[in-house]
Amino acid sequence: MAVLKSLLRSRGSTTCSSLTYIRRTLSTASETDLKLSSSLNHMSLPLRKDPKGRIVQWVFLGCPGVGKGTYASRLSSLLGVPHIATGDLVREELSSSGPLAPKLAEIVNQGKLVSDEIIINLLSKRLEAGEAKGESGFILDGFPRTIRQAEILEGVTDIDLVVNLKLREDVLLAKCIGRRICSDCGGNYNVACIDIKGENGSPGMYMAPLLPPPHCASKLITRSDDTEEVVKERLRIYNEMSQPVEEFYRSRGKLLEFNLPGGIPESWPKLLQALNLDDHEVKQSAAA
Ligand SMILES: Nc1ncnc2c1ncn2[C@@H]1O[C@H](COP(=O)(O)OP(=O)(O)O)[C@@H](O)[C@H]1O
């Protein structure tokens, strides 16, 4: 009953009735899932709407290296909502040298997924900290990655929109291997230059490298899971565990598919167009 009460509290300001919610939650959740759902009860953060009146509780899906972090973070600045990347939460926990760190390092460096329990715990703590700071809305990146995570999330809040970013697999691999981080400022860069010629009617693709400014150039590091072998394993696991999540949201009419046409200069305006957002209009609404 305590779990149910906390689930009911966790609904907060979302839209469907409590009865529908209880029925839906009970029909999809096991006892463990109920416990996990109740640990996510901070999903009832205050609502944040975009200029089209849509609630910004969005999810970014896509393979490793597709650019979820880049585009989710740009949108989060534009819309004034937090960008919450579970991969970042895992890396923070790893570098904290807390009790979970050795276990997490082993899992991440093999390209495997961390358990749903650990991920939901980390996400729950992040949402709680956000709530304390008065955050509203969110763009989730890297969560949910399994059907179970998607069902638990669906049980605690209404996700308004799921953006599924897509790129061909050879480009994903090159982009992961070319990824660099500045060990000083944390800036993200990419040394890969993607230049694919169009052939047999299929369009070519150009993505310029994203090079660091001179003061970061000597401080670049590579993520330990961005080696060719581990990236291939992450792609395999994505296809097995996370691709079904695309179908989960497709069948609920929430999925927006977006094939990246190239690098940021080409893709960003087209993504805004696909989201029916206009840079200027968003800035005006944020200033109002
Ligand atoms: N939702 C999740 N469920 C399970 N493991 C996760 C999740 N999010 C992140 N991780 C772990 O953190 C690692 C890094 O995640 P992320 O930065 O999102 O990588 P990627 O570039 O593969 O999308 C993953 O390989 C996985 O081990």
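Biologist: Over how many bridges do strand 5 and strand 6 pair?

Modeller: Happy to start there, with the ground rules: this is a predicted model in which local features need pLDDT of at least 70, side-chain atom pairs count only at pLDDT 80 or more, and totals for chains, interfaces and linings use all residues. Residues are numbered from 1 along each chain as its sequence is written, and side-chain values use heavy atoms, with hydrogens and water left out. Helices (H or I, at least four residues) and strands (E, at least two) are DSSP runs numbered from the N terminus, and two strands pair if DSSP finds at least two bridges between them. Strand 5 (residues 179-182) and strand 6 pair in the antiparallel sense, and the number of bridges is 3.

Biologist: Thanks! Which strands form the edges of the sheet that holds strand 5?

Modeller: That sheet is open, with 3 strands in the order 6-5-9 and antiparallel pairing. An edge strand here pairs on one side only, and that description fits strand 6 (188-190) and strand 9 (220-221).

Biologist: And which residue of strand 6 stands opposite Arg179?

Modeller: Strand 5 covers residues 179-182 and pairs with strand 6. Opposite Arg179, in strand 6, stands Asn190.

Biologist: Is Ile221 buried, partly exposed or exposed?

Modeller: Ile221 is found in strand 9. Beyond residues up to four places away in sequence, Ile221 touches Arg179, Arg180, Ile181 and Ser183, where contact means heavy atoms within 4.5 Å. Buried means under 20% relative accessible area, exposed over 50%, and partly exposed in between (1.4 Å probe, protein chains only). Because its relative accessibility is 42%, Ile221 counts as partly exposed.

Biologist: Now for a parallel arrangement. How many residues of strand 4 are buried?

Modeller: Strand 4 pairs in the parallel sense with strand 1 over 4 bridges, and Leu61 stands opposite Asn164 in strand 4. Strand 4 is largely enclosed by the rest of the structure, because the buried part of its 6 residues (161-166) comes to 5.

Biologist: What is the bridge partner of Lys166 in strand 10?

Modeller: Strand 4 and strand 10 (residues 255-259) pair in the parallel sense over 5 bridges. For Lys166, the bridge partner in strand 10 is Asn259.

Biologist: Do Lys166 and Asn259 show up elsewhere: what is the volume of the second largest pocket?

Modeller: They do, since the lining of the second largest pocket includes Lys166 and Asn259, along with Pro203 and Met205 among others. A pocket is defined on a 1 Å grid over the protein atoms alone, as an open set of points with protein on both sides within 12 Å along at least five of seven lines, while a cavity is a set of points where a 1.4 Å probe fits but cannot get out; lining residues have an atom within 4 Å of a point. Grid points are joined across faces, edges and corners, and a volume is the space filled by probe spheres set on the points. For the second largest pocket the volume is about 150 Å³.

Biologist: Which strand and which helix each supply at least two residues of the lining of the largest cavity?

Modeller: The whole structure has 2 cavities of 30 Å³ or more, and the largest holds about 70 Å³ of space. Its lining includes Phe60, Leu61, Tyr238 and Ser242. At least two lining residues each come from strand 1 (57-61) and helix 11 (228-250).

Biologist: How many residues of that cavity lining are nonpolar?

Modeller: Ala, Val, Leu, Ile, Met, Phe, Trp, Tyr, Cys and Pro count as nonpolar, Asp, Glu, Lys and Arg as charged, and the others, Gly among them, as polar. In the lining of the largest cavity, 3 residues are polar and 2 charged, while the nonpolar ones number 7.

Biologist: Is Ser76 buried or exposed?

Modeller: Ser76 is found in helix 4 (residues 68-79). Leaving aside neighbours within four places in sequence, Ser76 is in contact with Val81, Pro82, His83 and Ile139. Because its relative accessibility is 11%, Ser76 counts as buried.

Biologist: Last one: is Pro265 buried or exposed?

Modeller: Pro265 lies in helix 12 (residues 264-274). Its C-alpha atom is 9.1 Å from that of Met207, 58 residues apart along the chain. Because its relative accessibility is 75%, Pro265 counts as exposed.
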